Amino acid sequence: MRILRFLRFPLLPLAVLSLLGTTACVSWKPGWKARTTPPTHGDVAVLLEEAVALENQADDAEKVKLLIDAYGRVAAADPAHYRALWKMGNYHILAGAGYSASKRDKKFHYLEALRCCERAMYTNPEFRREVDAGRPVWEACQKLGPGAVDAMGYWYTAIFHYFDECLRPAGRLLNARLIARTDPVIQRIDELDPDWAGGGNHFSRAIYLIAVPERYGGSKEKAEQLFTKAIAAGPDYLANRWGRARYLYPLVGNREGYVADLQWVLAQDPRASGNTYPWNVYFQRQAKEMLKRTDAVFGAGD
């Protein structure tokens with residue numbers, strides 16, 4: 001069973017990560033600097049309705065692309081439309097994780113996700129003053145309030161995916177500071193909305209604890225507690241049980257829990273569950289494939 005590679009990477013103490021990070025080479029132009037096109041004409045309310053309608057239909061690669069484009073038209077008509085911007089970021093992550101085969105395509109989508117979320121955060125005046133004065137995102141986000149949690153959350157999620165799927169082992173070593181930079185953002189979300197996205201922060205911390213060596217604080221027991229906490233925060237969110245089955249149960253040998261979680265995911269109505277419909281389609285497709293590999297993961301039963 002595949003665990004995020006950045007978490008399989010032999011994690012080092014934060015001070016060492018910071019030292020390694022001085023040679024980091026991954027960088028991108030911040031979202032608020034990358035956008036240069038002037039606003040377009042269009043009825044923002046109508047454009048938003050069109051995007052929402054597509055969101056309830058996006059169940060394949062082409063439809064997810066159309067969905068990103070639809071929210072892009074909202075943001076083109078209103079460059080300060082916070083919801084459209086973070087939604088674009090969210091679905092760029094889905095396009096990279098669920099519908100991109102090459103590292104090149106994944107890199108494109110994850111960097112676009114980062115830029116969209118940065119543009120969304122930049123709609124906040126206090127954040128804007130901080131970054132315009134030269135403060136980095138992970139420091140400036142301390143000025144953000146509850147209304148900016150989605151942008152912060154999908155910003156750090158995009159970094160996790162980029163680090164995991166787009167960098168070779170040597171690149172992950174040289175860019176270790178990328179992961180350290182997400183911690184202040186995660187902590188800020190904990191302060192503002194600890195149960196964000198149906199337990200999204202609990203989910204992320206659980207995966208971290210699964211893979212960190214015990215001598216650096218890793219604990220599968222604590223990870224299981226965090227998955228339980230995530231499920232309590234978002235009982236109808238498919239991501240939580242899908243994630244527990246994917247990341248935890250193969251490591252602790254819980255075949256029964258693995259099968260039960262995946263069967264639960266498949267039994268849900270993707271239009272009436274936590275997470276959005278396009279993401280639920282992805283989780284259910286993954287769950288179906290994971291169930292087929294049960295024997296490969298745990299060994300054939302007696």
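**Salt bridges in a predicted model**

At 22% relative accessibility, Glu112 counts as partly exposed, because partly exposed covers the range between under 20% and over 50%. Glu112 is one partner in a salt bridge of this structure, which is a predicted model, and the other partner is Arg115. The count of salt bridges comes to 12, and those described below include pairs within one helix and pairs that link two helices.

Within one helix
- The salt bridge between Glu112 and Arg115 has its closest N and O atoms 2.8 Å apart.
- Both residues belong to helix H7, which spans residues 103-122, and because Arg115 and Glu112 are three residues apart there, about one helical turn separates them.

Between helices
- Arg244 and Asp261 form a salt bridge in which the closest N and O atoms are 2.8 Å apart.
- This pair links distant parts of the chain, since Arg244 lies in helix H16 (residues 238-252) and Asp261 in helix H17 (residues 255-267), 17 residues apart.
- Arg244 and Asp261 are both buried.
- Arg255 and Asp295 form another salt bridge, with the closest N and O atoms 2.5 Å apart.
- Because Arg255 lies in helix H17 and Asp295 in helix H19 (residues 294-298), their salt bridge ties together parts that are 40 residues apart in sequence.
- Asp295, with a relative accessibility of 41%, counts as partly exposed, and Arg255, at 29%, also counts as partly exposed.

A shared network
- Glu130, Arg135 and Glu139 are joined into one network by salt bridges that share partners.

Note on methods
Residues are numbered from 1 along each chain as its sequence is written. This is a predicted model: local features need pLDDT of at least 70, side-chain atom pairs count only at pLDDT 80 or more; totals for chains, interfaces and linings use all residues. Side-chain values use heavy atoms; hydrogens and water are left out. A salt bridge is a side-chain nitrogen of Lys or Arg within 4 Å of a carboxyl oxygen of Asp or Glu. Helices (H or I, at least four residues) and strands (E, at least two) are DSSP runs, numbered from the N terminus. Buried means under 20% relative accessible area, exposed over 50%, partly exposed in between (1.4 Å probe, protein chains only).
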